[in-house]
Number of protein chains: 2
Amino acid sequence: MSSVKSYLPFNLPTTFKSLFKLIDDPPERIQNVRGWVKSFRLLKKVAFIDLQDGTTPHTLKIVVPRDTIDVERRPDSVLRQLRTGQSLLVKDALWKPTPTRLQPFELETSAASFQIMGQVPDSYALQKKFHTLAFLRSNPTLKHRSNYLGALMRFRSHVESSLTQFFDSHDFTKVSPPILTSGDCEGAGELFRVESNSHLANKSSYFGKKTYLTVSTQLHLEVLACALNRCWTLAPCFRAEESDTNRHLSEFWMLEAELCFVENVGELTLIAEAMFKFVVEQCIARQADLLPSIRPEGSAEDAQTVLARWTSLLATAWPRLTYSAAIELLTKRHAEVPFKFTPQWGSDLQSEHEKWLASHFDSPVFITNYPKDCKAFYMKRNLDDTVACFDLIVPQMGEIIGGSIREDNYDALIAEMSRRGMKVEELEWYASLRKNGSVPHGGFGLGMERFVAWLFGAHNIRDAIPFHRSAGGSIDM
Amino acid sequence: MSSVKSYLPFNLPTTFKSLFKLIDDPPERIQNVRGWVKSFRLLKKVAFIDLQDGTTPHTLKIVVPRDTIDVERRPDSVLRQLRTGQSLLVKDALWKPTPTRLQPFELETSAASFQIMGQVPDSYALQKKFHTLAFLRSNPTLKHRSNYLGALMRFRSHVESSLTQFFDSHDFTKVSPPILTSGDCEGAGELFRVESNSHLANKSSYFGKKTYLTVSTQLHLEVLACALNRCWTLAPCFRAEESDTNRHLSEFWMLEAELCFVENVGELTLIAEAMFKFVVEQCIARQADLLPSIRPEGSAEDAQTVLARWTSLLATAWPRLTYSAAIELLTKRHAEVPFKFTPQWGSDLQSEHEKWLASHFDSPVFITNYPKDCKAFYMKRNLDDTVACFDLIVPQMGEIIGGSIREDNYDALIAEMSRRGMKVEELEWYASLRKNGSVPHGGFGLGMERFVAWLFGAHNIRDAIPFHRSAGGSIDM
């Protein structure tokens, strides 16, 4: 920490986050505190102002005794000009401990010590403490100032840091595979085409061939893993899905990890579970900084519910069952309470099936060894008609991680690609890894927005990314 | 560290990086070591094998006494089948300290303990210890296995971790602004258009309007900073440049940071310098893990040169001069030794000017306060005809960071946009920040590949990204 600061020869402006850390050894006075007005109350003898600054879910309480400094009785007093949303500078204040209250201190100052830095129009959108999520979403330039969506952004940042720590400590190299690619290698979904503006005009091609936005970095990640042993990435991926649900985004961030020398899918599930639990542990450790004190009306889970989920996630080893066992369970259930889709060996699990399984176990559940025709061409074949893969499904959300051991035998891979009618020559670069010191390897992919939204108790993954992109008019800014 | 491991109920395969950490308290024997054959020598009485595993620049020395275990005299002995590039499993070996040598230990084992996991063809590309960079680049699926380019990937990962640590410790929130945007807000370069494949077919539009890949996330980052106070991102950006130089990529990763309550450009330069120096310090601390022991023939700098640069970067505060002062210096120089382009107040600095300035000071140099017409519309106007901005230029490379204080006054911003003939209504969402609790703020952007390449002593930024994209046939995989 000290080394981090040492190259900065001046103090950055004080953040509220850093202020709250001073509680054990508070200063007498504090200068130049800056933030935005969250709310205020002007009483006869005293004024209370709650400031926020975006670095913590907690507001800073400012107290202004009106009988001490009387300027505020004048009509032009700063206090009378206060509006929610204004940016404010408090030049000088007294630190007053308030150990019996929820917030352990407040700052006492005089109206003369204020300066309004930036005004707001009378129509400023975030007037109330409580807004609905729908209302917040309709104000994309202001919504992150709300307690809830601001907290969600800070939460995502913390999850990213924790993931970095996890992969660092396990000797993974973070890499940046390409976003622009030459094809839909996975057949994972609808593609976005890319062409330079000026080449569009003269009907030529910037890259000399059709170019797409990546749907998954996995194939390139395998190239890197076969050189660096273990690697991971967190990168935007793109799917031009027409389905406009609260579980899908056209632009989303995907964590993908790939490592050599893992031979069975059980090991992979243990690594995914360890990663997941480490992040949860880091969230619990920082809960007071992470969980919002104010939530939108309606749809958002409260802090207790979220915390209870985190705690229960760490309590046990998560169940594992094969796809075949899952189909058996689902078939039994279907006989009692029918699903919309009949569970059937050989068909992919439907969202309703996944959700029922996770709620049945009341836990994240690993489903392993799907039929080969439900999954991608690169997965390692088991001795039967299944592949060495897993999906991690969680209550409410469904699938959140998918992974597999990769086919590391050249002939087997080419045979499977041919069976599927794929153009083998286009992926020869990928297949060739199996001829050049091939090793058993595998990995998994995690949708960041699903992960963040689910952990945080948000029900729409669009809230887990600052500005979401999906079919239709989502791109106005 | 212990908490990181605690959720993993089995040991991941041993990496060489973790093996080298055991030197102070080595085990007697070690099981199941896996890697790729870098080189080998079969002598009469002993065989030496160098293995690499991609987690460190150091190779692991395996010694096989041939008079102890004699199986290798047989024509089918594993030792006789060894080839560079094969993947190998060493099932069991004795740890032998070799304190007098460069590598402080070696593993002694018998041929019976080997297993070749993956073969290589006779044409395996990476036969020699030394290859030219041009040769490596022509083998994109194997090049990261070379000592030099593998080290460059690990170096980049370390730089990213260090940046995460720096921004975490200064209360920045990491965010993910959108990659798909509706326009070229900066006028920063040629754009890439994006459309879904199926909408291209029926000539409709997936998003309902023209959509582009982002050239900079800054405008969205300002929205987030005005809610979260300080934020940063590391995201891919795209410019369809036609110039095909070793300083330009069509797809590159950009670090952008934005923070509220900074009012002058001097403070911004101090933050950029502190960030830069913190990363350098973290590199020095891990030099033995980061610097490659083997370099390609020709163009790559040796470890001593790189380390000397790192050390000198920390030794002093970097010079700062205004654009006007820079023009004066350049004009003087031009009178003695003419540049290709005449330095002239009001024109942007040319690459040759930047490089001369940096070499003149033999240090990174901050150039501040450029004429307003050289820079983007959103920069804060100084009292004269300049804007409160800076470029950081470094020897050899030229510009590596650019930043500014942003115009936080609504009327001034709109006036400047109108003066430039911009469509004000398309950026009203951006301008509106200045009406809703506006605060002084600023930030900067750093091209990751330039940063990584320059620190590492690589002369072509294409080597600093795993698979580069630029005009022409760069997208074959």
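This note sets out how chain A and chain B meet in a predicted model.

1. The contact between the chains involves 128 residues of chain A and 128 residues of chain B. About 10800 Å² is buried between chain A and chain B, with 61% of that area on carbon and sulfur atoms. On the chain A side, the residues that lose the most area to chain B are Y7(A), Y206(A) and I475(A), which together account for 7% of what that side buries.

2. Polar terms are also present at the interface. Between chain A and chain B there are six salt bridges. K209(A) and D476(B) form a salt bridge through their side chains, at 3.8 Å from N to O. Residue pairs in polar contact between the two chains number 45, both residues being at pLDDT 80 or more. Helix α4 (residues 147-169) of chain A supplies eleven residues, the largest share of the side of chain A that touches chain B. By residue class, that side of chain A comprises 60 nonpolar, 41 polar and 27 charged residues.

3. An open sheet of six strands includes strands of both chains, with antiparallel pairing in the order β8(A)-β10(A)-β9(A)-β9(B)-β10(B)-β8(B). The edges are occupied by β8 (180-181) of chain A and β8 (180-181) of chain B; each has a single partner strand, so one side of each lacks a neighbour in the sheet.

4. Across the chain boundary, β9(A) is joined to strand β9 (residues 192-196) of chain B by five bridges, in antiparallel orientation. Here V194(A) stands opposite V194(B). Within chain A, two bridges connect strand β9 (residues 192-196) to the antiparallel strand β10 (residues 211-213), and T211(A) in β10(A) is the bridge partner of V194(A).

Methods
Residues are numbered from 1 along each chain as its sequence is written. Chains are lettered from A and ligands numbered from 1 in the order in which they are written. This is a predicted model: local features need pLDDT of at least 70, side-chain atom pairs count only at pLDDT 80 or more; totals for chains, interfaces and linings use all residues. Side-chain values use heavy atoms; hydrogens and water are left out. Two strands pair if DSSP finds at least two bridges between them. Helices (H or I, at least four residues) and strands (E, at least two) are DSSP runs, numbered from the N terminus. Contact means heavy atoms within 4.5 Å. Buried area is the accessible area (1.4 Å probe) that two parts lose on being put together, summed over both. A salt bridge is a side-chain nitrogen of Lys or Arg within 4 Å of a carboxyl oxygen of Asp or Glu. A polar contact is a pair of N or O atoms within 3.5 Å; within protein, one must be able to donate a hydrogen and the other to accept it, and residues adjacent in sequence count only if both atoms are side-chain atoms. Ala, Val, Leu, Ile, Met, Phe, Trp, Tyr, Cys and Pro count as nonpolar, Asp, Glu, Lys and Arg as charged, and the others, Gly among them, as polar.
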